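Me: I am new to this model and would like a close look at one part of it. Please start from a single residue and work outward.

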Amino acid sequence: MKIAVLPGDGIGPEVTAQSVKVLRAIASNRFELEMQEAPIGQAGVDAAGVPLPPETLKIAGQSDAILFGSVGGPTDELPDRSKRPGAGLLKLRKTLSLYANFRPAVLFPELIGASTLRPEIVEGVDMMILRELNGDLYFGEPRGVHVEDGKRIGINTMRYSEDEIARIAHVGFQTARKRRGKLCSVDKANVLETMQLWREVVMEVGREYPDVELSHLYIDAAAMMLIRNPRQFDVIVTGNVFGDILSDAAAMLTGSIGMLPSASMGEGTLGLFEPVHGSAPDIADQDIANPLASILSSAMLLRYSLNRPDEADRVERAVRSVLAAGYRTADIYQPGTRKVGTTEMGDAVVAALEHDV
Ligand code: IPM
Ligand code: MG
């Protein structure tokens with residue numbers, strides 16, 4: 001099995017290093033893992049002049065799975081868009097047709113006090129946000145800023161074809177089937193034509209899944225419901241932009257964005273696995289970032305791309321056991337627990353894995 005390791009920028013390299021340790025420990029003498037590292041984001045610009053160097057794309061495309069850290073930093077808003085670190089990630093998702101982004105938001109019972117919401121609201125939260133990744137305002141044309149009558153005009157285009165909507169809808173229904181059988185599609189069909197098409201196509205696809213309970217919410221109401229009564233959600237399927245926003249909001253239900261993993265899949269088994277959090281340049285290189293989102297992303301990698309569900313379960317059990325033992329990075333620390341750094345948290349997970357055979 002070949003894994004492309006793309007640590008990226010900011011805290012990306014330090015959290016990814018913990019995942020690499022965990023993957024090595026889990027593979028040990030059970031299966032072969034070949035890991036190859038390549039630069040992306042600002043690291044790509046520094047190494048090869050572009051955020052997604054062709055060599056990085058090649059390594060990623062030839063792997064069984066991609067383990068990704070995070071990209072971004074002070075150059076996020078450079079006037080030259082093609083040199084922005086985030087452009088590397090967007091291009092990677094698009095070029096490899098990784099269109100289905102799974103962002104689970106699960107509250108670990110040990111962290112119930114770390115959420116900014118009341119325990120009785122977040123208790124038992126376990127949802128999957130499925131975000132479409134290859135369309136929408138992110139890629140629609142025309143786009144750009146131009147001058148009309150001496151004034152600058154900014155344009156982006158919300159665009160979805162029925163095929164793009166149908167393929168993500170199928171993934172949504174199939175995901176719901178494997179969980180609690182509920183799918184909520186989030187759109188803005190009352191105002192936007194693109195989103196009206198979204199709703200129609202989701203309903204058409206839904207006829208093939210009579211066993212799944214389908215509901216619809218507008219994005220504004222969905223944002224409110226996510227905070228008011230998050231337990232009602234099982235699977236949420238939504239477009240690229242709304243999914244970007246809702247998944248950050250959902251992260252806060254679970255205590256910290258430092259806990260949330262993600263997987264981006266296409267038609268095959270190749271997937272891109274990344275923590276939902278960004279590069280957090282303000283805390284980079286201080287050994288204080290939470291590596292658990294990256295480690296949980298490695299568990300998703302084992303499950304979705306390498307077809308190793310038992311090993312994925314083991315990694316998740318190890319994470320639960322270090323939390324139960326009281327280990328906490330600063331973002332989830334509460335008095336009475338044990339504050340550890342990035343490396344120590346990674347080591348604790350590896351030690352827990354070795355105890356659980
Ligand atoms: C995410 C991030 C990215 C996105 C950025 C880094 C381009 O916010 O993965 O949610 O907007 O998709
Ligand atoms: Mg985001």
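Where is S97 placed?

Reply: S97 sits in the loop between α4 (85-95) and β4 (100-106). Helices and strands here are DSSP runs numbered from the N terminus (H or I, at least four residues; E, at least two). This is a predicted model: local features need pLDDT of at least 70, side-chain atom pairs need 80 or more, and totals for chains, interfaces and linings use all residues. Residues count from 1 along each chain as written, chains are lettered from A and ligands numbered from 1 in written order, and side-chain values use heavy atoms, without hydrogens or water.

S97 is not a glycine, yet its phi is positive, about 50°. Most residues other than glycine have a negative phi, and most peptide bonds are trans. The bond from E141 to P142 is cis, with omega near 0°. P142 belongs to the loop between β5 (126-132) and β6 (144-148).

Now turn to ligand 1. Its surroundings are L90, R93, R103, R131, Y138 and D244 (a heavy atom within 4 Å). L90 and R93 fall within the span of α4 (85-95), and R103 within β4 (100-106). R131 falls within β5 (126-132). By class, the shell holds two nonpolar, no polar and four charged residues (Leu and Tyr count as nonpolar, Arg and Asp as charged).

Three side chains make polar contacts with ligand oxygens (N or O pairs within 3.5 Å). Y138 is 2.5 Å away. For R103 the distance is 2.8 Å. For R131 it is 2.9 Å. Alone, ligand 1 has 320 Å² of accessible area, and the protein covers 73% of that (Shrake-Rupley, 1.4 Å probe).

Further out, the whole structure has 15 salt bridges (Lys or Arg side-chain nitrogen within 4 Å of an Asp or Glu carboxyl oxygen). One of them joins D347 and K21, 2.6 Å from N to O. D347 is in helix α12 (residues 342-355) and K21 in helix α1 (residues 12-27), so this pair ties together parts 326 residues apart in sequence.

Conventions:
Polar contact = N/O pair within 3.5 Å; in protein donor to acceptor, adjacent residues only side chain to side chain.
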